[in-house]
Amino acid sequence: MSAPALSLPHGDGHDHAHGHEDGHGHHGHVTLQYQPGLPLSRGKLIMWLFLSTEIMFFAALLGSYVVLRFGSPVWPLPHHVHLSEPIGAFNTFVLICSSVTIVLALEAARADKAPQAKLWMLLTLLLGTLFLGVKAYEYSAKFSHGIYPWSPRSRVFEKPDLYYGSAVRARLGEPAIIDKLKELDDTPADELTAEHVAARGRLQQIRKLVTNPDQQPFDLAVIADQVMPLPSAGSHGHSSGLNDAFPWLRLPAVIPGGNMWASTYFLLTGFHAIHVGVGLLVFAILLGYRLDHARAGMIENAGLYWHFVDLVWIFLFPLLYLF
Amino acid sequence: MSDHSHSTQPPATHAPVTRPGETTEVHGTVPHAHAAAAPAAHAAGHGGDHGGEHAHGGLGTYLMVFLALCVLTTMSFFTYSSAWPWRDQPQVGWAFMMAVSCTKAMLVVLFFMHVLWEANWKYVLTIPAAMMAVFLALMLVPDVGMRTRMVAQERALYMPRQSDVRLMERAAEAGNAERGGEAH
């Protein structure tokens, strides 16, 4: 602790610094004294300043979400957009666990127990990866229902109007789909399950209605409901429409308010997932070091960042899944 | 701060901003190496930090906080269950969930981020950021009220209405009856 190379001059600092260099010459250059303005290490100060900007970043994102959410004429219920609340709660639990493990990694490093610290750090990395894995599964469930954050791929329509009807008609008229439909029509009934036979009957009815222009008037809401009914509460996001019976069909679906919901959901969770990914990268790098007392500062800073990521999810989970 | 860096008595300048445990350590270091002001600063930056914080926290505290966080998560998840008494008034659930989230956030910040045991610099960094965040959110409030008052004709054309939701719900009722009837 009392390294003479770091000692402060008594009189005029400048002269002494030169004399100091001659006298000891530990590093072969002038050693200047650094005094922090705040009594904490520079790394930690920078991390807190960075987190301050992050607080504002996510406050703006969450604020925009609230504006869009409560300023929209229609907002879908969580089960309408195939969100599963238990999965979200599970992910919350995973992040809380990872917050505990990174704190324990820091404690172990401070106590100079490097192998133990590495174990906790590894566990944190695994929990973070589990979080991202669950998130990816959730994203794929949205994609499979045609919910995308951008327009050319999204199959979500806001209401069952003429635009929706013409989109269904256009999809049924695509050459690849015509072949598939013909194949389905030619399949003997005993090769299909009872549900598939029933679904095929409903699909044939819809094709007759939509593709023939000189038909009796029909309700587009009924078509939309057959394609993908709005899942009821407690169904955990599963629906029993034609799109679910025949996944290759991928007909346009109606979710009132679904597009605005998708934009905010993917933006908020996407930015959060990027933050999780950065945290995992930091942990992976730290795992390459010996996590002893000397690295405690690094682990503390990584931990501060990780707790912030947890903090954001604490607000995202109720806002996105339970509101 | 610049005049401080020329001072020969840094422990005195340090004393008001460090917490009690740290100050004693700094004072304890000085008599051994009177000329060593820098080692004192060094101790405050690393060793002092470490020594002070290690006395707090501990496995027991962290496990208690973890349990509290789990219970709070279950509490906000409870609003989703059918046993929640205010299902017809979502605002009650929203207020409840935000209160629970703020409590969880406080627990994480105070214990996991060690802010409870930090010196007074924590106010310098967190209060301005919190004020900016609140101000940012408040600036958006007028938009909540104004957003749907004026819309472009094109947007009005594509915008869903509550009547569209009712239309879908009515179709779902009829459709479920049909699908349910076929399944049996």
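**Note on salt bridges, one buried acid and chain B**

1. A:K182 has a relative accessible area of 52% and is therefore exposed, the cut-off for that class being over 50%. The model under review is predicted, and the points below should be read accordingly.

2. The partner of A:K182 is A:D186: the two form a salt bridge in which the closest N and O atoms are 3.8 Å apart. Both residues sit in helix α6 of chain A, which covers residues 175-186. They are four residues apart, or about one turn of that helix. Is A:D186 buried or exposed? Its relative accessibility is 53%, so A:D186 counts as exposed.

3. Elsewhere, salt bridges with shared partners connect A:K44, A:R110, A:E300 and B:E118 in one network. Residues of both chain A and chain B are thus named in this network. Over all chains, the structure has eight salt bridges.

4. Within the network, A:E300 meets A:K44 through their side chains, with an N to O distance of 3.0 Å. Why does this pair tie together parts that are apart in sequence? A:E300 belongs to helix α11 of chain A (residues 296-322) and A:K44 to helix α2 of chain A (residues 42-71), so the salt bridge ties together parts 256 residues apart. A:E300 and A:K44 are both buried, which, by the cut-off used, puts each of them under 20% relative accessible area.

5. A:E300 also forms a salt bridge with A:R110, at 3.5 Å from N to O. This pair links distant parts of the chain as well: A:R110 is in helix α3 of chain A and A:E300 in helix α11 of chain A, with their positions 190 residues apart. Both A:R110 and A:E300 are buried.

6. A:E85 deserves a look of its own. It is found in helix α3 of chain A, residues 85-110. A:E85 is buried but has no salt bridge. Which side chain of opposite charge is nearest to A:E85? That is B:R87, 7.8 Å away, whereas a salt bridge requires nitrogen and oxygen within 4 Å. Leaving out residues up to four places away in sequence, A:E85 touches A:P78, A:F317, A:Y321 and A:L322 in chain A, and B:F77 and B:Y80 in chain B.

7. On the surface of chain A, the residues A:L281, A:I285, A:Y289 and A:M298 make a nonpolar patch of about 380 Å². One of them, A:I285, is part of helix α10 of chain A, residues 258-286. A:I285 counts as exposed because its relative accessibility is 53%.

8. Chain B contains nine helices and zero strands; from the N terminus on, its elements read α-α-α-α-α-α-α-α-α. Of its 184 residues, 37% are buried. Among contacts in chain B with a separation of 6 or more, 52% come from residues 24 or more positions apart.

9. The accessible surface of chain B amounts to about 10,500 Å². Carbon and sulfur atoms hold 68% of that surface.

10. The domain assignment divides chain B into domain 1, residues 55-113, and domain 2, residues 121-179. How many Å separate the centres of domain 1 and domain 2 of chain B? Taken over C-alpha atoms, the separation is 25 Å.

Note on methods:
Residues are numbered from 1 along each chain as its sequence is written. Chains are lettered from A and ligands numbered from 1 in the order in which they are written. This is a predicted model: local features need pLDDT of at least 70, side-chain atom pairs count only at pLDDT 80 or more; totals for chains, interfaces and linings use all residues. Side-chain values use heavy atoms; hydrogens and water are left out. Helices (H or I, at least four residues) and strands (E, at least two) are DSSP runs, numbered from the N terminus. Buried means under 20% relative accessible area, exposed over 50%, partly exposed in between (1.4 Å probe, protein chains only). Lys and Arg count as positive and Asp and Glu as negative; His and the chain ends are not counted. Contact means heavy atoms within 4.5 Å. Domain bounds come from an automatic or database domain assignment. Patches are made of residues with over 30% relative accessible area and no salt bridge: like charges are joined within 9 Å, nonpolar side chains (Val, Leu, Ile, Met, Phe, Trp, Tyr) within 5 Å. Accessible areas come from the Shrake-Rupley method with a 1.4 Å probe; for residues, only the protein chains shown count as cover.
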